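Let's take a walk through this structure together. Have the sequence and the 3D view ready, and follow along as we go.

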Amino acid sequence: MLRLYDSRYSGNSWKIRILLNQLERSFERHTLDLEAGETKTEAFSRLNRFGRIPVLQLPDGQTIVESAAILLYLAEGTPFLYKDPYLRAQVIGWMFFEQGDLQRFLALSRVYHIRGMADKMSQQIERLHADGYLGLEKLERWLETHEWLAGDRYTVADISVFAYCSLAHEGKYEMERFPSVNAWLQRVRAQPGWLDMFDISPFQTGHH
Ligand SMILES: N[C@@H](CCC(=O)N[C@@H](CS)C(=O)NCC(=O)O)C(=O)O
C-alpha cells in the first residue's frame, strides 16, 4: 500500500490527500509532529534527503519527495494530468509557479501567525507579503479570463496552487482583493472527492 508521511497543518501534504481521495486510492497515513522535530531525525532523513514532509513511500519502499513530484506521479494516466505534451507542460509550468512565486511566501506568513510569532517576525512577514502579493496578482489576472489553470479542466495544477491560496488568509493576506482567485477556489472545492484539510479520507488508514 502507498504510505504518506505528512503533518496536520501542512498545506503541501493536504494537496496529496486531496488527490488520493479523488483517485480513491488507499493509503496509510503517518502524521509527524514538526514542532517536536520529527522530520529532523536520522531515520526520517533516509526517507527524505531534505528532511521535510510530504513524502510518498511506494509499496516497494522507494520514496518520492516534493509535493509537485508526488502529485505528478500519482496523476500519471488519470484525468488529473494531460497526455498531450503541450498541455502537460502548462500543468507543470503552474506547479513551478506555485513553488517559486507563491508557496513559501504564503506558507511562512501563515506559520508565523499560527505559531504566535507574528509580532517577532513582523518585518519578515512584510517582505513575504510583498512577494506573495506579486504572485497572487499574476494568478488573479489569469483567472479573470480562465476557468482552470491549464487547459479546459481541473488538474493537479489546480490542486497544487489551491492549497496555499486557500490558506493565505491565515497568514493575514487580504484575499478579498482577488475575486477571481476566490471564485476559482470555490470551483476547486466543488470538485468531486475534494477533501477539506482536517477531513479524514475514507481511503486512509493509520496515524493522523
Ligand atoms: N517544496 C516542498 C516544501 C515542503 C515543506 O515545506 N514542508 C514543510 C511542511 S509544509 C516541512 O516539512 N517543514 C519542516 C521543516 O522544514 O523542517 C514541497 O512542495 O513539498
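In this predicted model, the side chain of Q99 places an N or O atom 2.8 Å from a nitrogen atom of the ligand. The protein as a whole covers 78% of the 510 Å² of accessible area that the ligand has on its own.

Q99 has company at the ligand. Look next at E66, where a polar side-chain atom lies 2.6 Å from a nitrogen atom of the ligand. Then turn to N12: here the partner is an oxygen atom of the ligand, and a polar side-chain atom of N12 lies 3.4 Å from that oxygen.

Now widen the view to the residues that surround the ligand. Besides N12, E66 and Q99, you will find S10, L34, T39, K40, R52, I53, P54, S67 and Y164 there. What mix of nonpolar, polar and charged residues makes up this shell? Four are nonpolar, five are polar and three are charged. If you are looking at pockets in your viewer, the ligand takes up the space of the largest one.

Finally, step back to the whole protein chain, which is divided into two parts. Domain 1 is made of residues 2-79 together with 195-206, while domain 2 runs over 85-189. Taken over C-alpha atoms, the centres of domain 1 and domain 2 are 20 Å apart. How many residues of each domain are in contact with the other? On the domain 1 side there are 20, and they meet 18 residues of domain 2.

Note on methods: Residues numbered from 1 in each chain as written. Predicted model: local features only at pLDDT ≥ 70, side-chain atom pairs only at ≥ 80, totals over all residues. Heavy atoms only, no water. Near = heavy atom within 4 Å. Polar contact = N/O pair within 3.5 Å; in protein donor to acceptor, adjacent residues only side chain to side chain. Areas by Shrake-Rupley, 256 points an atom, 1.4 Å probe, with all protein chains shown as cover. 1 Å grid on protein atoms, 1.4 Å probe; cavity = no way out; pocket = protein on both sides within 12 Å on 5 of 7 lines; lining within 4 Å. Sits in = over half its atoms within 2 Å of the grid points. Nonpolar A, V, L, I, M, F, W, Y, C, P; charged D, E, K, R; others polar. Domains from an automatic or database assignment. Contact = heavy atoms within 4.5 Å.
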